[in-house]
Amino acid sequence: AELSPPVEMRNPGILKPFEGLVRNYAVPAYGSVDPTPFVALAYLMMFGLMFGDAGHGLVVALLGLGGIALARRKKKPDGLFRLVLYCGLSAVAAGVLFGSYFGLPLLPPLWFDYHGVVSGHGGAGGIRSIYDILGITIRFGMAVLGTGFVINWVNLVRRREWFTLLLDKGGIVGGWIYGAGAWAAFYFVAHDYKGLPPSSLLALMLGLPTLALAVKAPLEFALHGRANGKRFKPAMIMDFVMEWIVETLEIYSGYLANTLSFMRVAGLGIAHVSLMTAFFQIARMLSPSGGPTVASVAVLVFGNALVIALEGLSAGIQSLRLNYYEFFSRYFNGSGKAYKPISLGSED
């Protein structure tokens, strides 16, 4: 069997925590694009959108700094704590954009008032309702998946796998269907869910690439089947048709599910805001005079601590999940073997 060269992932020190996330999934195949920079950007943006509070982010960043100092004092790896620090800084940036500081609008938002939109009395520009927030995360998910398509195409070109590049569900035809499907969906929404694009355009944008998938199985048999000693049989026609139907259903349903999965980014953000709103309402109930009381302050302190712990953990896990199962599924081939230099102290 042909041996694949070992893979050495080279990233600047600031990206090492995210390289660890990639390695935790698998080592990229030799010659493929190292996804670490893309994972870093996507992960931090997801975390910020789900945990957008400058005050809470500052607490998380300080916890990360404390963990780094402790790890270095004990001469242990600090990658996890550096990741916590970066996530905290991302939440601070998002909190400034949303105007949220420990759940309070202490400063005007630079983008839109997340708390006001969720509570139904805020919003500006094009962000006026929860549906608009969901739309932001769907567009963000489409950008992430689109990046995955491009990385996959680059990897396929490097490996000279032209057939897969053209006709695979992650190839050019698959990307064409995804882009055309997104265009049709936005057209449908823009027309108040009452109108689809003209049938001639739908036939061109969606029908043509879907029909192109029908030639994939016969063409693959013609190119590789005979070379492997297989002979054509009439019953294979039904196999080709069934393979085309199954792959078409998988593409349409799978890509729809992959895109809608990013709505969890909005869901976690809305839950974050809703929890803070609930704790503030409880605190107001415990202070009938309007001024702070011991009970109301205790509720706010406990509420902020609970939200930081639960929502911070949830945002970190969901960001990782979206990278592993939505982003990586577009292009990632984890068949690489990590490069380990030989030394006198090596156990291999």
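Is Arg-160 buried or exposed? In this predicted model, Arg-160 is exposed, with a relative accessible area of 63%, and the residue belongs to the loop between α6 (130–159) and α7 (162–167). The surrounding protein chain is built from 13 helices and zero strands, and the points below move from the chain as a whole to its aromatic pairs and then to three single residues.

**Overall architecture**

- Followed along the sequence, the protein chain reads α-α-α-α-α-α-α-α-α-α-α-α-α, in keeping with a secondary structure that comes to 13 helices and zero strands.
- The C-alpha trace of the protein chain spans about 85 × 70 × 30 Å when it is taken along its principal axes.
- Of the 348 residues in the protein chain, 42% are buried.
- When contacts between residues at least 6 apart in sequence are considered, 69% of them in the protein chain join residues at least 24 apart.

**Surface and charge**

- The protein chain exposes about 19300 Å², and carbon and sulfur atoms supply 68% of that area.
- The protein chain carries 27 positive and 20 negative charges, and the mean positions of these two sets are 4 Å apart.

**Aromatic pairs and a charge over a ring**

- A pair of aromatic rings is described by the distance of the centres and the angle of the planes.
- The structure holds 26 aromatic pairs, and one of them is formed by Phe-18 and Tyr-86, whose ring centres are 5.8 Å apart and whose planes meet at 15°, so this pair is stacked.
- The pair made by Phe-18 and Tyr-86 links distant parts of the chain, since Phe-18 lies in helix α1 (residues 16–25) and Tyr-86 in helix α4 (residues 79–98), with their positions 68 residues apart in sequence.
- Phe-18 and Tyr-86 are both buried.
- For Tyr-331 and Phe-332, the ring centres are 6.3 Å apart and the planes stand at 65°, so this pair is edge-to-face; both Tyr-331 and Phe-332 are buried.
- Tyr-331 and Phe-332 also take part in one aromatic cluster, together with Tyr-25, Tyr-324, Phe-327 and Phe-328.
- The charged end of Arg-330 sits over the ring of Phe-149, at 5.7 Å from the centre of that ring.

**A buried threonine in helix α2**

- Thr-36 is found in helix α2 (residues 36–50), and Thr-36 is buried because its relative accessible area is 0%, which is under 20%.
- With neighbours within four places in sequence left aside, Thr-36 is in contact with Met-9, Asn-11, Leu-15, Phe-18, Glu-19 and Val-22.
- Phe-18, named among those contacts of Thr-36, is also the residue whose ring is stacked with that of Tyr-86.

**Loop residues with positive phi**

- Most residues other than glycine have a negative phi, and most peptide bonds are trans.
- Lys-75 has a positive phi of about 55° although it is not a glycine, and Lys-75 lies in the loop between α3 (54–73) and α4.
- Lys-75 counts as exposed because its relative accessible area is 78%, which is over 50%.
- Arg-160 likewise has a positive phi, of about 60°, although it is not a glycine, and its place is in the loop between α6 (130–159) and α7 (162–167).

Note on methods
Residues numbered from 1 in each chain as written. Predicted model: local features only at pLDDT ≥ 70, side-chain atom pairs only at ≥ 80, totals over all residues. Heavy atoms only, no water. Phe/Tyr/Trp six-rings, centres within 6.5 Å; stacked < 30°, edge-to-face > 60°. Helix = DSSP H or I, 4+ residues; strand = E, 2+ residues; numbered from the N terminus. Buried < 20%, exposed > 50% of the residue type's maximum accessible area, 1.4 Å probe, protein only. Lys NZ or Arg CZ within 6 Å of the ring centre and 35° of its normal. Contact = heavy atoms within 4.5 Å. Areas by Shrake-Rupley, 256 points an atom, 1.4 Å probe, with all protein chains shown as cover. Lys, Arg positive; Asp, Glu negative; His and termini not counted. Charge placed at Lys NZ, Arg CZ, Asp CG, Glu CD.
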